[in-house]
Amino acid sequence: MEFCSKYRKYQVLRIIISTVFILGSSLAGSTLAEYHQNTVEYKAINCRKHSAVLTDFGAVGDGKTSNTKAFKEAIKTLSKYAPDGGAQLIVPAGKWLTGSFNLTSHFTLFLHKDAVLLASQDEDEWPLLTPLPSYGGVRENAVYGRPGGLIFASNVTDVIITGNNGTVDGQGAVWWEKFNEKKLKKLERPYLIEIMYSDQVQISNITLINSPQWHVHPIYSSNLWIQGVTILAPVDVPNTDGINPDSCTNVIIEDCYIVSGDDCIAVKSGLDQYGIKVGMPMKQLVIRRITCISPKSAAIALGSEMSGGIEDVRVEDITAINTESAVRVKTAVGRGGYVKDIFVRRMTLKTMKYVFWMIGSYSSHADEGYDPKALPEITNINFRDIVADNVTIPGKLEGLGKGNPFTGICISNVTMTLAEKHKEPEWNCTDVSGVSSNVTPMPCAALPKKSMDCPFPEDKLPIEKVRLQTCSATS
């Protein structure tokens, strides 16, 4: 099918005809102006040679008609252009109801600023996937499988999900109610975007709201750019995490605004014996310029599923408002794995229950088959340059107990103003060791004073060196 080539020829012909008319007709001038008005430039890892619009595949943007078939047919058609410069599918203004659909390699999904993808609330529109190997069925039903993402990709390369701030609406209320009442046919709620076993993926300049469960879940993937994403969910609905990078390598998450009933960003790498067996760490992660609101959870959580390891995480320029905790470490005996080489600087925190919160007793497990002798290693955790106002508890640091401490904790240049009804003692530290410098209120004795700044790497990770191209989309 040569639809895309014909579509591009039509666009070129349209420009030529409009240009000719300009010479003798003021009407043609307005036509050309309209064309340029509908063309949007955007930044991307790659531009596409071919382009098509969703409506060319029979889609109806009335918010009622299912467009699952149209999305699948469009992507199937456009996949043929992967060897020839790739293709982009433009979702124009409208409300586009759809079930889950799969992306393809060398492909861009572009959402117009007035486009809204509405996630179907019909469970039959969400095919089941096999359980995640690093979780052993704990995030799905081992018999029935699990629903994937509304926008899903597996084993693909060079995929872009972007727009000029179009919206993906998970319509989560029905899912939340059914889940609480145990009325879901497939027992678990789906995600909005899930990327698996993939390389070179960009998610940027879109708004995600009301996901049935997590909003963005990249897993077993590498070279990921997540930029300029707005995520909005009710603050009283659990498990509506914002972005959860999971067993991935070389990832950047930046310039995002997240309101959630759970962690704004949760960094993961598998659970207990299953995560240990798969052995895929989450590493080389940059998180910067994030604003988070989450009264019941963390701005950034490390774990609790961290059995494959978490390392080389660089967090900077974070704003958290009315959030339970800042950068939280969660683990337990039986997890195995490690959390190490974590670097945090320049955080502005307003109305926080905890600023520093690390615990080794987050003891939910996949099943009874975990190894109680699998002890996680928590070491080289660094914080610096933090200002926090209206704080209830400055620090709660609890290692694994029984002579198994969290080690290498460094906290420097931190000023915390306590809430009127703050907790006593201000710091609670057990089974931890490290140092502190210029911290108010004064930390516990386990973090003795040492005149120094905690380290932060000055080198750049590979993901930070990539230059994005300027591409265009016309709807």
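These are my notebook entries on what I looked up in this predicted model.

**Entry 1: the nonpolar core**

I started with the inside. The largest nonpolar core holds 98 residues. Leu89, Leu109, Ile151, Phe356 and Trp427 have the most contacts inside this core. I then asked which strand gives the largest share of the core. That is strand β26, residues 338–359, with nine residues. Apart from this core lies another one, of 15 residues, and I noted Val40, Val53, Ile463 and Ala473 among them. My textbook reminder for this page: in soluble globular proteins, nonpolar side chains tend to be buried together.

Next I picked leucine 89 and listed what it touches, leaving aside neighbours within four places in sequence. Its contacts include Ala52, Val53, Leu54 and Phe57. Phe71, Ala74, Ile75 and Leu78 are also in contact with leucine 89. So much for the lower numbers; Phe107, Thr108, Leu109 and Phe110 are on the list for leucine 89 too.

**Entry 2: strands side by side**

Here I wanted the strand order. Four strands make an open sheet, and I read the order as β6-β11-β14-β17, with parallel pairing. Which strands sit at the edges? They are β6 (101–102) and β17 (216–219), each of which pairs on one side only. I zoomed in on β6 and found that two bridges pair it with strand β11 (residues 149–154), in the parallel sense. Asparagine 102 has phenylalanine 152 in β11 as its bridge partner.

Then I followed another run of pairings. Strand β12 (residues 157–163) runs parallel to strand β15 (residues 199–204), and four bridges join them. Isoleucine 160 has its bridge partner in β15, namely glutamine 202. From β15 I went on to strand β18 (residues 222–227), which is parallel to β15 and joined to it by five bridges. Glutamine 202 turned up again here, standing opposite tryptophan 225 in β18. Note to self: strands of a sheet pair through backbone hydrogen bonds, either parallel or antiparallel.

**Entry 3: aromatic rings**

How many aromatic pairs does a search of the whole structure find? The count is nine. I looked closely at two of these.

One is tryptophan 126 with tryptophan 175, an edge-to-face pair with centres 5.7 Å apart and 80° between the planes. Tryptophan 126 is in the loop between β8 (115–119) and β9 (128–129), while tryptophan 175 is in helix α4 (residues 172–180), so this pair ties together parts that are 49 residues apart in sequence. Are these two buried or exposed? Tryptophan 126 counts as buried because its relative accessibility is 1%, and buried means under 20%. Tryptophan 175, at 3%, counts as buried too.

My second pick was phenylalanine 356 with phenylalanine 383. Their ring centres are 5.0 Å apart and the planes are at 80°, so I wrote down edge-to-face. Phenylalanine 356 is in strand β26 and phenylalanine 383 in strand β27 (residues 377–398), so the pair links parts of the chain 27 residues apart. Phenylalanine 356 is buried at 1% relative accessibility, and phenylalanine 383 is buried at 2%. Trp427 joins Phe356 and Phe383 in one aromatic cluster.

**Entry 4: charges over rings**

I found arginine 328 lying over the face of tryptophan 357, 3.5 Å from the ring centre. I also found lysine 340, whose charged end sits over the ring of tyrosine 338 at 4.6 Å from its centre.

**Entry 5: backbone oddities**

First, the general rule: most residues other than glycine have a negative phi, and most peptide bonds are trans. Then I went through some spots that break it.

The peptide bond from glutamate 424 to proline 425 is cis, with omega near -5°. I placed proline 425 in the loop between β28 (406–418) and β29 (427–430). The bond from threonine 440 to proline 441 is cis as well, again with omega near -5°. Proline 441 is in the loop between β30 (432–440) and β31 (469–474).

For phi, I noted asparagine 165, which has a positive value of about 75°. Asparagine 165 is in the loop between β12 and β13 (166–169), and at 40% relative accessibility this residue counts as partly exposed. Asparagine 322 also has a positive phi, near 50°. I located asparagine 322 in strand β24 (residues 310–323), and its relative accessible area of 37% makes it partly exposed.

Definitions and conventions
Residues numbered from 1 in each chain as written. Predicted model: local features only at pLDDT ≥ 70, side-chain atom pairs only at ≥ 80, totals over all residues. Heavy atoms only, no water. Core = buried A, V, L, I, M, F, W, Y, C linked by side-chain atoms within 4.5 Å. Buried < 20%, exposed > 50% of the residue type's maximum accessible area, 1.4 Å probe, protein only. Contact = heavy atoms within 4.5 Å. Pairing = 2+ DSSP bridges. Phe/Tyr/Trp six-rings, centres within 6.5 Å; stacked < 30°, edge-to-face > 60°. Lys NZ or Arg CZ within 6 Å of the ring centre and 35° of its normal.
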